[in-house]
Structure formats: C-alpha cells, structure tokens
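Here's a walk through a structure you have open in front of you. Keep the viewer handy and follow along, from the open space to the strands and then to a few single residues.

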Amino acid sequence: MSNSVFPKNFLWGGATAANQFEGAWNVDGKGPSTSDMLSGGTHTVPRRITRTIEDGVHYPSHEAIDFYHRYKEDIKLFAEMGFKTFRLSINWTRIFPTGMEQEPNEAGLKFYDDVFDELKKYNIEPLVTISHYEMPFGLTQEYNGWAGREVIEHFMRYAETLFTRYKDKVKYWLTFNEINCGTVPFGGYLALGILNEGTQDFLHQVDDPQLRFQALHHQFVASAKAVALGHEINPDFKIGCMIAYMTAYPYTCNPDDILLAQDHMNMRNNFCGDIHVRGEYPYYAKRYFAENNIKLDIKEGDLEVIKQGTVDYYTFSYYMSNCVSADPTLDNTSGNINGGVKNPYLEASDWGWQIDPKGLRYSLNEIYGRYQIPLMVVENGLGAFDKVEDDGSINDSYRIDYLKSHIEQMGEALKDGVELWGYTPWGCIDLVSASTGEMEKRYGFIYVDKDNKGQGTLDRKRKASFFWYQKVIESQGEQL
Ligand code: BG6
C-alpha cells in the first residue's frame with residue numbers, strides 16, 4: 001500500500017504544443033499559422049515576424065521535431081515512462097487552413113483521430129488545448145487576429161468541430177493557452193494574433209493596449225461560449241482555463257512594493273482567472289482600464305455569456321517567481337512572459353528564469369484559496385543545454401533536481417489541502433522554444449537530435465530524467 005500524498009488517480013504526464021513539435025507545417029492541407037511566420041532567434045537575438053515566408057530564413061515550427069510523422073514512436077516512449085495523461089494542442093490550421101472555411105479539412109481531423117487512438121492504446125488520457133499560441137495567419141491578415149470580433153464565430157466553428165468529432169475520445173479540454181499573456185505587449189501577436197503596422201520583431205511589437213484588451217474580451221466571450229457548448233455536446237467534458245502564473249513577490253516590506261506586487265498579481269494573474277472562474281470582470285479592472293485609457297466595446301449579451309461559461313477546473317504554468325519593486329534602479333531578470341527584479345535568495349536558469357519550488361506551493365495555495373476548484377499544473381520545467389556524452393547518455397541531473405523540488409512542493413500543497421488533479425511538465429520531449437525559437441533550450445525527458453539551425457537526425461534518446469520520471473510515476477511520487 002502506498003502512503004503517497006499524491007492520489008492514486010493523479011494525472012502524471014507531460015505537455016506540448018502543436019506548433020512547437022508537430023512540424024509538417026504545410027502538409028495534408030494545413031494552412032500557415034501565426035507561429036509559422038516566426039523566424040528562429042536566440043536568447044539575445046529576437047525572433048522576427050515575417051508577413052510572408054522568406055527564402056533562406058529558418059522557421060523552427062515548419063519541421064519542429066516532426067511529431068506529425070513520428071507520433072507512434074513518441075507516444076510509445078511516453079507510455080514507457082508511465083504517462084497517465086498527455087497534454088497536446090490542436091493546430092487550428094490543420095482543421096481550418098485560413099480559419100474562414102465553412103467545412104473542416106478531413107486530413108487534419110484524421111491526424112488527431114490517429115493520435116488519440118494511439119494514446120488510448122496505452123491508456124493515456126489526452127488533455128487538449130484548443131488554441132496554444134497559434135491561430136490561422138489568414139485571420140491575422142483579415143481581422144488583425146482576435147482584435148476582430150468576427151474571430152469569435154470562426155473559433156466557435158472550430159471548437160464545435162473538435163467537440164463533436166472527438167466527443168468520445170477526449171474528456172479534458174483547455175480553451176486558450178496562457179490567456180493572460182494577452183495582458184502584456186509580448187502577448188499581442190503570440191496569444192492574440194495581432195500584428196500592428198510597424199511590428200517587425202517579436203520582443204518589440206508595436207503595442208496598442210486598447211486593441212489588446214478588446215481582443216482579450218473576444219477571447220473571454222469565445223472561451224465561455226465554448227465551455228457552454230462543450231457541456232451541451234458532452235456533459236462529461238471537463239473544460240478548463242490555462243493561466244501563465246507569474247508569481248510576484250514584493251521586493252521589500254516597503255508598502256509601495258507591497259501594493260505594486262498586489263497590483264501585479266491582480267492584473268497579470270487574477271484578472272483572467274477571475275473572468276474564467278467567477279464569470280465576471282473583477283472590480284480592480286475598472287481603475288486599470290480608466291488609467292490606461294481602455295474602453296471596451298462590450299456587446300449586449302457578452303457579460304451573460306461570460307457568466308454562463310465558467311470553467312470546471314483551473315490549470316496553469318509555473319516556471320519561476322519574480323520580485324516587484326517600486327525602485328527602478330534595481331537589477332532586472334528575464335522570465336516566462338514577464339521578467340522582474342532579481343531575488344537574492346534564488347538561483348536562475350541559463351536563460352535567467354529564477355528557480356523557486358516553494359513559489360509553486362505558494363501559488364497553488366493562492367489560486368486554490370481564491371477559487372476552490374480543482375487545479376492542474378500543466379507546465380513546469382527547466383529549459384537547459386544538454387550534452388550528449390560519448391556513450392550516448394545524457395546526464396541531466398540539473399533537470400531532475402529542478403523537477404524533484406517542484407514535485408515535493410506539490411506534495412506539500414496537497415498536504416495543505418489543495419485539490420490538485422495532475423502534473424504535466426513542459427516539453428516532455430525536446431521541442432522548439434516559444435520565446436526564442438531555439439531547439440537547444442531543452443526541457444525534455446527525451447532528447448531530440450536537432451540544433452538551433454535546424455540540423456540533426458531527429459533521433460530520439462532517453463535522458464537520465466526519463467528513467468527518473470518513470471520511477472516517480474511508478475511510485476506515485478514517493479520515490480523522488
Ligand atoms: C509557456 C508556453 O509560456 O512556456 C509554452 O505555454 C512555452 O508554449 C513554455 O514553450 C516555455 O517557454 P520557452 O520560451 O522556454 O519555450
């Protein structure tokens with residue numbers, strides 16, 4: 001008998017996103033998505049957003065790790081690790097190549113049928129993100145992405161197609177990946193498909209907060225409509241939201257820092273969560289909108305739709321925490337979606353993301369205390385350089401240390417009384433980095449032979465963390 005604090009039916013697994021690992025960007029009728037227009041970059045060289053596909057430019061999503069043709073091999077490896085669940089997203093442009101077709105592309109639908117059937121073979125429960133950092137580029141060209149209200153209807157046709165087709169194959173759904181990325185300028189193109197005149201690179205987009213929050217409003221309406229429709233199509237569906245949890249600590253006990261951190265937690269994290277879970281715009285948004293000159297065009301019925309389409313569970317990504325300070329002279333560091341002030345008590349990854357396992361316990365309690373609905377950590381992990389030894393082994397002890405300490409803190413949160421359904425570490429197989437487009441920022445338990453320039457055999461190799469995670473799952477989180 002196991003004494004594990006992790007429940008027996010805990011969903012251990014891993015997470016991916018279509019545009020970062022499928023490849024086959026123009027195969028079997030697939031259209032170009034926003035992510036297909038992003039060139040490769042590095043930690044120091046920003047990715048470019050090209051308006052057409054340019055000759056001689058490396059676009060990492062085009063081949064990625066070619067899961068499209070290797071899904072059987074990859075799923076077999078996930079099964080070998082003992083995965084109970086696998087988080088993947090559907091590439092909207094495989095189903096509706098420009099987003100505006102009335103009829104779906106059968107070849108695209110068939111591909112996901114095959115993937116779900118393969119997962120079923122190993123009793124792996126799919127956890128499906130409907131939109132993960134890509135949308136048809138056609139919708140960006142036609143409507144400037146989610147800035148156009150028309151996109152709600154196009155999205156609903158897409159969501160309905162998925163819910164109907166996979167109603168007996170998928171139970172766990174997420175509407176938008178890291179929807180709160182749209183609260184910061186970086187999310188303009190990444191999360192909302194907005195491409196303003198003059199924007200050339202990914203890190204320095206021409207930002208229009210009015211447009212960005214209007215686009216987010218359209219996503220809230222679309223998400224809520226999808227939740228309601230999904231429940232109609234199959235009442236057993238569990239449909240959740242996904243938030244990039246950007247944990248912010250006040251740098252000091254100076255009340256200015258405390259207020260700033262509270263403000264940050266509200267507008268960066270709670271704002272989207274409150275709308276998804278409580279079904280209404282939170283009180284503090286009014287002042288933010290007024291001070292930032294944002295006037296939302298909310299149509300009749302929108303607020304009722306949002307009220308009726310609240311989510312069944314809350315999922316989030318957690319990589320790190322940051323500090324917030326009213327003192328502008330302090331040193332900053334980078335991070336997932338948003339950076340912040342360096343925390344002197346924490347170490348950081350090679351990309352400057354601060355490693356804070358206890359921050360995960362803190363965040364789980366913050367979120368659960370606020371909403372009291374089931375949670376899942378659907379992204380977490382360490383982006384690092386890996387070295388293949390002469391004997392072919394990859395000894396990623398740093399990754400094991402990172403994941404181990406975060407799993408321990410999830411255990412503490414479970415003891416605190418948090419209802420936690422599952423854990424899917426990010427990039428369980430090496431894939432393309434969303435922020436930099438690199439391959440060599442690796443998160444996986446499975447190594448993929450490919451470098452930043454796109455060279456490599458694409459062969460898969462088990463890392464030391466593969467065997468470690470296998471034991472973790474087997475022992476229900478007892479053997480770390
Ligand atoms: C999250 C995204 O922000 O972080 C993923 O949902 C992304 O798509 C992950 O890949 C890690 O970030 P990065 O930039 O290291 O790939």
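Let's start with the largest pocket, which has a volume of about 620 Å³. This is a predicted model, where local features need pLDDT of at least 70 and side-chain atom pairs count only at pLDDT 80 or more, while totals for chains, interfaces and linings use all residues. Residues are numbered from 1 along each chain as its sequence is written, and side-chain values use heavy atoms, with hydrogens and water left out.

The lining of that pocket takes in 34 residues, with F186, G335, I337, W353 and S435 nearest its centre. (On a 1 Å grid over the protein atoms alone, a pocket is an open set of points with protein on both sides within 12 Å along at least five of seven lines; a cavity is a set where a 1.4 Å probe fits but cannot get out; lining residues have an atom within 4 Å of a point. Points are joined across faces, edges and corners, and the volume is the space filled by probe spheres set on them.) By type, the pocket lining splits into 15 nonpolar, 15 polar and four charged residues. Here Ala, Val, Leu, Ile, Met, Phe, Trp, Tyr, Cys and Pro count as nonpolar, Asp, Glu, Lys and Arg as charged, and the others, Gly among them, as polar.

What about the closed-off spaces? There are eight cavities of 30 Å³ or more, and the largest holds about 120 Å³. Its lining is made of 17 residues, and M246, T247, N322, N336 and N338 sit nearest the centre. Two elements, β6 (247-250) and β8 (321-324), each give two or more residues to this lining, with β8 supplying the largest share, four residues. No charged residue lines this cavity; the tally is nine nonpolar and eight polar.

Now for the strands. Helices (H or I, at least four residues) and strands (E, at least two) are DSSP runs numbered from the N terminus, and two strands pair if DSSP finds at least two bridges between them. Eight of them form a closed barrel with parallel pairing, in the order β1-β2-β3-β4-β5-β7-β11-β12. The twist from one strand to the next averages 30°; axes are lines fitted to C-alpha atoms, for helices over the stretch in contact, with angles from 0 to 180 degrees between N-to-C directions.

Go round to β11 (residues 375-379), where five of five residues are buried (under 20% relative accessible area; exposed is over 50%, partly exposed in between, with a 1.4 Å probe and protein chains only). Four bridges tie β7 (residues 313-317) to β11, and F316 has V377 as its bridge partner. With β12 (residues 420-423), β11 pairs over three bridges, and L375 stands opposite L420. Elsewhere in the barrel, helix α7 (residues 150-165) lies across β3, β4 and β5, at about 165° to β3.

A few single residues are worth a stop. H231, in helix α9 (residues 209-233), is partly exposed at 25% relative accessible area. Beyond its neighbours within four places in sequence, H231 is in contact (heavy atoms within 4.5 Å) with F237, I239 and D312. A64, in the loop between α2 and α3, has a positive phi near 45° and is buried at 0%. E178, between β4 and α8, also has a positive phi, near 40°, and is buried at 3%.
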